Structures are given as structure tokens and as C-alpha cells.
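User: Please take a close look at one loop position in this model. Then place it among the parts around it and the rest of the chain.

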Amino acid sequence: MNKREGKVLIAGGGPAGASLAIRLAAAGRDVVLVERDRFRRHKLCGEFISPECFGHFAELGVLQPMLAAGGERITETLFFPLSGRTVRIPGRAFGEPALGLSRSAMDAILLDRAKAVGVDVIEGAAIASATAEQGELRAVSLRTGEGACEIAADIFIDATGRGKALVKAFQRAAGTGIERPAKRSNGFVAFKAHLRGAELAAGRCEIHFFPGGYGGINRVEGGAVNHCFLVRSEAVKSVGGGVENVLERLVYKNASARNALIDSKAEMDWMAVSFEGFGRSELSYGPRLFTVGDAASFIDPFTGSGMLMALESSAVLAEALASAGDLRERYAELYSRRFRRRLFVCSLLRNAAFRTRTATFVSAALGGLPFAAEALARLTRPHASPAR
Ligand SMILES: Cc1cc2nc3c(=O)[nH]c(=O)nc-3n(C[C@H](O)[C@H](O)[C@H](O)COP(=O)(O)OP(=O)(O)OC[C@H]3O[C@@H](n4cnc5c(N)ncnc54)[C@H](O)[C@@H]3O)c2cc1C
């Protein structure tokens, strides 16, 4: 069988996996999507949906439910360095306001749409292992509450995020050894919770830089403020670990963060996750296994465009799957054309963000030049309209 036809198995039901499933099912393909969790569920994220996502939502048939889910429209983003000038990026820099909406709501809307367009969605089922023959992925085994089962397919997509669970299962099965990301740092820890009682003006997203990291706040549905921040692992260790220590001894060193958050209370347990770093991964592993979303590239969170990249990369892979020629080459070519410049700019900004002096210098320069700040922010986003 032509591998470009036949059944597609997508592992992961986040924005990359669910949107790809919708696109492929709408194009008439037989798609099964396997998701470890049962939705709705919270997800560690800044929950800032950049406005370029709306064109994708419209294509996917979910714009109306997304906008009607009670989230807050975000009209400005303010960057507060540890010292120095505040940089303000108005929503108009990106055409229209962004949206603050929980991942619990957003991911559920996408997965419901996938079910509605005929995707066979299996929730509560984690990829446990894989079967490989002659170096190619043939089938996956799932671990569910009811036991284990195996599913064969012609094309497999790893949309499980940074963990790349399907790639790792394949590498174990093929005996190639599991790849380890190049160690560029001692890693990061990210935290997130929904808060009550935070001081935050309507329609605003604030980004606070502090020793060892940065974090953001914006409102989501129901009036809660989502607080999500990222800290270097060694900074977390240096204050003895624990979210309270990190808040008190690192985050609140930024006076604006302290003023906004000191009287707030978390209305859910804090979520925390650690990871090694950012950047590009492989786009394919043999002719049958492809990566999309964070599994393909993990973009720096403070650009607020990881979900956009998840939606865009699914559009790029769907386009490659619908075109002629070598699928691996076609996907790599389309992907590079769309994301190369953006990933480069984001890596430069990341280096500035984690260096207090550089962040202060950059904010001092950009604070006096609002148009330069807007232009720089736009470089972290696509040129024009999304891939169609
Ligand atoms: C601290 C932080 C803040 C961020 N803030 C923002 C922001 O404000 N705005 C923005 O646009 N982006 C933000 N991002 C980035 C954004 O969260 C990601 O880019 C986006 O979630 C990627 O989507 P995805 O579908 O590729 O992966 P994910 O959203 O990670 O989805 C992967 C899915 O796979 C499932 N899964 C995992 N393992 C298995 C398995 N073994 N079997 C089956 N299923 C599995 C998971 O349950 C999950 O549902 C942030 C990231 C971080 C770390």
C-alpha cells in the first residue's frame, strides 16, 4: 500500500495532535487518535492564545466555541524587567487581541471537534511500546485502564509533546537506542496555577522577569488569573525548592510581580514540570513516523506562540501528506521554510530573557522605542496568513 494512504495513528490529543486529526479526517482519511489523559484536564501552560491561532480555529471549525468559552480578550502585554523600563506591546501589533482561555477548555473543544468529524479518539490510553520491522514502525501497544491492546497503522504521528513518547517507544523497539537531547543547560522547572485575588487590569498580560527566570499572568474564563513561570533548575535548588520558596525568593524580587500577586491564592494545586531545554528535534524517524507540535520543536514559552506552532505544524504536515513526492523531504522543506527564521529569533530572545543584565538593557532600549518592540515581537510570529 502507498504509505501516504491508509490508516494514520496520532499519539497525543493536545493542539498539534487534535488539529492534525481534524485536518486529516476532513480530507477523508482514516484516523485514530490515542490520548493518555481523559479530557477535561488541566495542562501546564501560560494559556495565552495568540491571535494568529484564530485563522486555524476557523479552518478547524472551532472558532465560535473558542470565542464563546468565556475567556478574556487580551489587548496589551507588558514586560517588566527586574529593573529598568517596562516594554508594552499592544494587541494591535498582531492585528487583533489575543485570548486568555484555559487549556482545559481549549484542548477539550479541539478534541470534541475531532470526534465530531469522525476521528476514532481513544482517551485514557498511553503509548506503552511499539513493534518495528526492518527499521520501520508497524504497530503500537496501548496501556489503558481496561488492559493493553495493539493498533497497527500505515503512518504514525508523535504529537505527545516534549516527551516524544512514541519516538522513544519506536527507538526501543528498533533497538536504535533512545536519543538524548544535547545538554545545553541544567534544565528548567515550570510552574502553573489558577489564582484568585491577583491585581491585574482587565485585558492585560504581564510578563515578569526575575533572577533565574520569568513568568506571565493573564485572566482566563471564570475570572481566574493563570500564573505560569519558568525557572532554571539551579535557581530552584538554590532557594531550597518548593513553589512557595520560589515565589517568595525569586519571583517576588520583581516588584511588579510582588504587587500583582502577593495577596493571591491558588484555587488549584500548583502544577510543576521539569525539562531540559528548547529547540528543534527530528521531523521523521524512518518513512512511517513523523513528529509535530512540541515533539518537532519546542519554542520558548514567553513568545506566547507554542500553541500557534502546534497548529501551524499540523497544517504543514497535512499539506505534505496531501502532496506528491518523498514525504519526509516534502515535510522537512515546508517546515524549514515556515519556521527556520522564527526559531532563530526565539533562541536569541531566550538568551536575553535569562540574563538579567541583558534583559534590562534590551528593555531599556525597547521601552523608548515602542515600534521597535512591536517589530521584534512580530519576528516571533508568521509572516502573513497561516498555512492553508
Ligand atoms: C511554561 C510554559 C508556558 C507556556 N505558555 C504558552 C502560552 O502562553 N501560549 C502558547 O501558545 N504556548 C505556550 N506554551 C507552549 C505550549 O504549551 C506548547 O507549545 C503546546 O502545548 C504544544 O502542543 P502539542 O500538542 O505539541 O503538545 P502538548 O500540548 O504537550 O500535548 C501532548 C499531548 O500528548 C499526551 N501524551 C503524552 N504522553 C502520551 C503517551 N505516552 N500516550 C498518549 N498520549 C500522550 C498528553 O497527555 C497531551 O495531551 C508554554 C509552554 C510552557 C512549558
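Analyst: Helices and strands here are DSSP runs, H or I over at least four residues for a helix and E over at least two for a strand, numbered from the N terminus. On that basis I178 lies in the loop that runs between α5 (165–174) and β13 (188–196). The model is predicted: local features need pLDDT of at least 70, side-chain atom pairs count only at pLDDT 80 or more, and totals for chains, interfaces and linings use all residues. Residue numbers start from 1 along each chain as its sequence is written.

I178 counts as exposed because it has 11 other C-beta atoms within 10 Å (20 or more within 10 Å is buried, 12 or fewer exposed, in between partly exposed, with C-beta atoms placed from the backbone). Leaving aside residues up to four places away in sequence, I178 touches K168, Q171 and R172 (contact means C-beta atoms, placed from the backbone, within 7 Å). K168 is 10 residues from I178 in sequence, and their C-alpha atoms are 5.9 Å apart.

The sheet beside α5 comes next. Three strands in the order β9-β10-β11 form an open sheet with antiparallel pairing (two strands pair if DSSP finds at least two bridges between them). β9 (125–133) and β11 (147–152) are the edge strands, each with a single partner, so one side of each has no neighbour in the sheet. From one strand to the next the twist averages 25° (angles run from 0 to 180 degrees between N-to-C directions, and axes are lines fitted to C-alpha atoms, for helices over the stretch in contact). β9 and β10 (residues 136–144) run antiparallel and are joined by eight bridges. I127 stands opposite L142 of β10. α5 packs on this sheet, touching β9 and β10, and its direction makes about 35° with that of β9.

Elsewhere, another open sheet of three strands has the order β3-β7-β4, also paired antiparallel. Its edges are β3 (48–49) and β4 (72–74), each with a single partner strand, so one side of each is left without a neighbour in the sheet. β4 pairs with β7 (residues 98–100) in the antiparallel sense over three bridges; A98 in β7 is the bridge partner of I74.

β3 also appears among the packing partners of α4. Helix α4 (residues 103–116) has 14 residues and spans 19 Å from first C-alpha to last, close to the expected 20 Å (1.5 Å times one less than the number of residues). Its buried residues are R103, M106, D107, I109, L110, L111, R113 and A114. They pack against α1, β2 (31–35), β3, α2 (53–60), α3 (63–67) and β8 (120–123). After α4 comes G118, with a positive phi near 100°.

α1 (residues 15–26) in turn packs with α9 (residues 306–322) at an angle of about 35°, the axes being 8 Å apart. In this contact P15, A16, S19, L20, R23 and L24 of α1 meet M307, A310, L311, S313, S314, A315, L317 and A318 of α9. By class the contact has 10 nonpolar, three polar and one charged residues (Ala, Val, Leu, Ile, Met, Phe, Trp, Tyr, Cys and Pro count as nonpolar, Asp, Glu, Lys and Arg as charged, the others, Gly among them, as polar).

For the protein chain overall, there are 12 helices and 22 strands. Of its 388 residues, 45% count as buried. Among contacts between residues at least 6 apart in sequence, 73% join residues at least 24 apart.

How values were computed
Two residues are in contact if their C-beta atoms, placed from the backbone, lie within 7 Å.
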